[in-house]
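Me: I'd like to learn how to read a structure like this one, feature by feature. Can you walk me through it?

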Amino acid sequence: NGQGGTQVIREWWNRPGVVGKYAQVGTAKIIGNKASARNRAEVDARNKLAASIKASIQSISENWSQEAGDLMDESSMSSMMNDETFIRQVVDTTLVGSIVDRYSDNDGYIHVLMKLENPDDFLAHLVSKVDENSAADDALAETGARKSLMRERLDNVIEREKGEIANEKAARAKALGE
C-alpha cells in the first residue's frame with residue numbers, strides 16, 4: 001500500500017512521550033474478567049502518576065534551591081521539600097484529583113490513560129504545604145523580608161512549571177487528536 005511509514009499511530013499507550021508527566025498509562029493483562037484487568041490497569045497508572053508527581057516535587061525543590069540558594073539555609077529547605085511525609089501528603093492529596101481520561105482494550109491488554117484533572121491544583125497545594133511548613137519552621141528564614149523573597153522565588157519556579165504544563169497539555173491534545 002506504500003504508506004506504511006507515514007501512517008499516524010493513534011496508539012497512545014505505546015507513546016509515553018505523548019502522555020507527559022501529569023498523565024500516565026497503566027496496563028494490565030486481561031485474565032478472565034475485563035473489569036478486574038481494568039482495576040489493575042488503574043492501580044498501575046495511579047502508581048506511575050504518584051511516582052511522577054513525586055519526581056515533580058523533587059524537581060521543583062531543586063529549581064527553588066537554585067533560585068533562592070543565596071537566601072536560605074540549604075539544609076532546612078531541602079529537608080522540608082524532600083521529607084517523605086511532606087511528599088506523601090502532597091502526592092496523596094494530588095491523586096484525589098486524578099481521573100481516567102480513556103481506556104483501550106487491545107491485544108489481550110487493558111490500557112488506561114490517567115491524568116491530573118487540574119495540575120495547577122497540585123501546584124497550589126504544594127505551595128500551601130510549603131507555606132504551612134515554613135510558617136512552623138523559622139529556621140528557614142531569619143527575617144520576614146527574606147522569607148517573602150524566598151516565597152517570591154518559589155512563585156517564579158511554580159509559574160515556569162505552569163507554563164510547561166500548558167505547553168505539554170497543548171502538545172498532548174494535538175498528538176492524541178483531541
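Reply: Sure, let's begin with the overall layout. The protein has six helices and three strands, and going along the sequence they come in the order α-β-α-α-α-β-β-α-α. Keep in mind that this is a predicted model.

Me: What share of the 178 residues is buried?

Reply: Burial is judged by relative accessible area, and the cut-off for buried is under 20%. Here 38% of the 178 residues are buried. As for the outside, the accessible surface comes to about 9600 Å², and carbon and sulfur atoms account for 49% of that.

Me: And how do I read the contacts along the chain?

Reply: Ask how far apart in sequence the partners sit. Taking contacts between residues at least 6 apart in sequence, 72% join residues at least 24 apart.

Me: On to the strands. Which strands does β3 pair with, and in what sense?

Reply: To read a sheet, look for the bridges between strands. Strand β3 covers residues 109–116 and pairs with β1 in the antiparallel sense, over seven bridges. β3 also runs antiparallel to β2, and eight bridges join those two. If you want to find the register on screen, Q24 has M114 in β3 as its bridge partner, while S98 is matched with L116 in β3.

Me: How many residues lie between β2 and β3 in the hairpin?

Reply: There are two residues between β2 and β3, and D107 in that turn has a positive phi of about 50 degrees.

Me: Is β1 mostly covered or mostly open?

Reply: Count the buried residues along the strand. β1 takes in residues 23–29, and five of its seven residues are buried, so this strand is mostly covered.

Me: Now a helix. What span should α2 have, and what does the model show?

Reply: The trick is to multiply the rise per residue by the number of steps, which is one less than the number of residues. Helix α2 runs over residues 34–68, so at 1.5 Å a residue its 35 residues should span 51 Å; the end C-alpha atoms are 50 Å apart, which agrees.

Me: Which residue caps the N-terminal end of α2?

Reply: That's N33. Look for a side-chain oxygen of N33 lying 2.6 Å from the backbone nitrogen of A35.

Me: How many salt bridges does the structure hold?

Reply: It holds twelve salt bridges. For each one, check the N to O distance against the cut-off of 4 Å. Take K48 and D44, where the closest N and O atoms are 3.2 Å apart. These two are separated by about one helical turn, because they are four residues apart in helix α2. K48 counts as partly exposed because its relative accessibility is 34%, and D44 counts as partly exposed at 23%.

Me: Which residues form salt bridges with D101?

Reply: One is R102, whose side chain meets that of D101 at 3.0 Å, N to O. Another is K115, with its closest N and O atoms 3.1 Å from those of D101. The D101 and K115 pair links distant parts of the chain: D101 is in strand β2 and K115 in strand β3, 14 residues apart.

Me: Are R102, D101 and K115 buried or partly exposed?

Reply: R102 is partly exposed at 22%, and D101 is partly exposed at 25%. K115 has a relative accessibility of 16%, so it counts as buried.

Me: Which residues are linked with K21 in a network of salt bridges?

Reply: K21 is linked with E161 and E164.

Key:
Residues are numbered from 1 along each chain as its sequence is written. This is a predicted model: local features need pLDDT of at least 70, side-chain atom pairs count only at pLDDT 80 or more; totals for chains, interfaces and linings use all residues. Side-chain values use heavy atoms; hydrogens and water are left out. Buried means under 20% relative accessible area, exposed over 50%, partly exposed in between (1.4 Å probe, protein chains only). Two strands pair if DSSP finds at least two bridges between them. A polar contact is a pair of N or O atoms within 3.5 Å; within protein, one must be able to donate a hydrogen and the other to accept it, and residues adjacent in sequence count only if both atoms are side-chain atoms. Contact means heavy atoms within 4.5 Å. Accessible areas come from the Shrake-Rupley method with a 1.4 Å probe; for residues, only the protein chains shown count as cover.
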